[in-house]
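Reader: Hi! I'm new to reading protein structures, and I'd love a close look at a single part of this one. Could you walk me through it slowly?

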Amino acid sequence: CTVSACIRGFIEVELLLGENMYNCEACSKAFAEAGRVKEEALRAARVLKGGSSSDGSGSGEDTAAKIPPKVKATVMSPATKQCLFWELPPVQVISLKRFVHTVRGTTVKINCKVSFPEQLDLSPFCHRDSPASRETYRLFGVVSHSGSLSSGHYVAYSRDLRDPAGAEKPGWHYFSDTTVKSVTEAKVLESEAYVLFYCAVGRASL
């Protein structure tokens with residue numbers, strides 16, 4: 001599993017059915033218009049049959065008069081929904097879903113390995129008409145969680161901001177409570193990420 005696959009799953013097209021169907025204004029308007037035309041035709045047909053009585057108590061015009069002149073309706077239609085990027089920010093924070101609620105009402109942690117790159121391209125996840133240009137994001141921070149819901153520990157990895165933006169091998173530091181030490185980039189990329197911090201190369205001041 002990769003972070004790109006996670007984003008792709010997050011933005012995939014959803015089909016709205018049942019209670020989630022879309023209130024289609026165009027469909028509702030067309031349905032109401034069709035209903036109005038039908039009711040007018042029925043009213044005219046009853047009048048032509050001459051079914052009304054002289055005192056107006058018959059079933060002709062009196063019955064037709066009881067038909068509402070305007071049909072109101074709401075047409076719910078199946079639809080699709082999709083979430084895409086329109087603009088890309090200078091700093092992109094990606095929070096991975098590491099906890100899930102089960103059918104038994106309990107909450108468990110998701111411990112699967114999610115691979116993430118040092119450089120990330122988000123343009124494939126942008127809307128086709130988006131004004132966002134193709135940008136490369138560079139990893140500069142990771143928050144990792146170890147353990148379970150009942151007991152665990154958070155640690156962080158941060159890129160040395162003194163390194164130039166185009167450094168081939170940026171320096172990284174590991175933070176765990178009062179412990180701070182240097183680590184390799186490979187060590188960072190092997191961590192069980194919970195939150196990822198990326199900055200746009202050339203735009204963010206990192």
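Is His 153 buried, partly exposed or exposed? Please start there and then show me what surrounds this residue.

Author: Happy to help! Please keep in mind that this is a predicted model. His 153 counts as partly exposed, because its relative accessibility is 27% and that class runs between the 20% limit for buried and the 50% limit for exposed.

Let's place this residue first. His 153 lies in strand S10, which covers residues 152-159. Leaving out residues up to four places away in sequence, His 153 touches Ser 144, His 145, Ser 146, Ser 176 and Asp 177. We can follow several of these partners in turn.

Start with Ser 176. The side chains of His 153 and Ser 176 are joined by a polar contact of 2.9 Å. Along the chain these two residues are 23 apart, and their C-alpha atoms are separated by 8.6 Å. Ser 176 belongs to strand S11, which spans 172-176.

Asp 177 comes next. This residue sits in the loop between strand S11 and strand S12 (179-183). Asp 177 counts as exposed because its relative accessibility, 68%, is over 50%. Its backbone is worth a look too: phi of Asp 177 is near 55°, a positive value in a residue other than glycine. Most residues other than glycine have a negative phi.

Now turn to His 145, another residue that His 153 touches. His 145 is found in strand S9, which runs through residues 136-147. With a relative accessible area of 7%, His 145 is buried, because that value is under 20%. Setting aside neighbours within four places in sequence, His 145 is in contact with Lys 109, Gly 152, His 153, Tyr 154, Glu 192 and Tyr 194.

Staying in strand S9, you can also find Arg 138. Arg 138 is buried, with a relative accessible area of 3%. Its side chain makes a polar contact of 3.2 Å with the side chain of Glu 118.

Let's go back to strand S10, where Tyr 157 is found. Tyr 157 is buried, with a relative accessible area of 7%, whereas His 153 is partly exposed. Tyr 157 also has a partner in strand S11: its contacts beyond four places in sequence include Trp 172, His 173 and Tyr 174. The C-alpha atoms of Tyr 157 and Trp 172 are separated by 6.7 Å, and the two residues are 15 apart along the chain. On the list for Tyr 157 you will also see Phe 140, Gly 141, Val 142 and Ser 144, among others. Ser 144 is a name you have met already, as one of the residues that His 153 touches.

Finally, step back to see the whole chain around this part. The chain has four helices and 13 strands. Buried residues make up 28% of its 206 residues. Among contacts between residues at least 6 apart in sequence, 67% join residues at least 24 apart. The accessible surface comes to about 13,600 Å², and carbon and sulfur atoms account for 56% of that surface.

So, when you look at the picture again, try beginning at His 153 in strand S10. From there, find Ser 176 through the polar contact between the two side chains, and then look for His 145 in strand S9. Enjoy exploring!

Terms used: Residues numbered from 1 in each chain as written. Predicted model: local features only at pLDDT ≥ 70, side-chain atom pairs only at ≥ 80, totals over all residues. Heavy atoms only, no water. Helix = DSSP H or I, 4+ residues; strand = E, 2+ residues; numbered from the N terminus. Buried < 20%, exposed > 50% of the residue type's maximum accessible area, 1.4 Å probe, protein only. Polar contact = N/O pair within 3.5 Å; in protein donor to acceptor, adjacent residues only side chain to side chain. Contact = heavy atoms within 4.5 Å. Areas by Shrake-Rupley, 256 points an atom, 1.4 Å probe, with all protein chains shown as cover.
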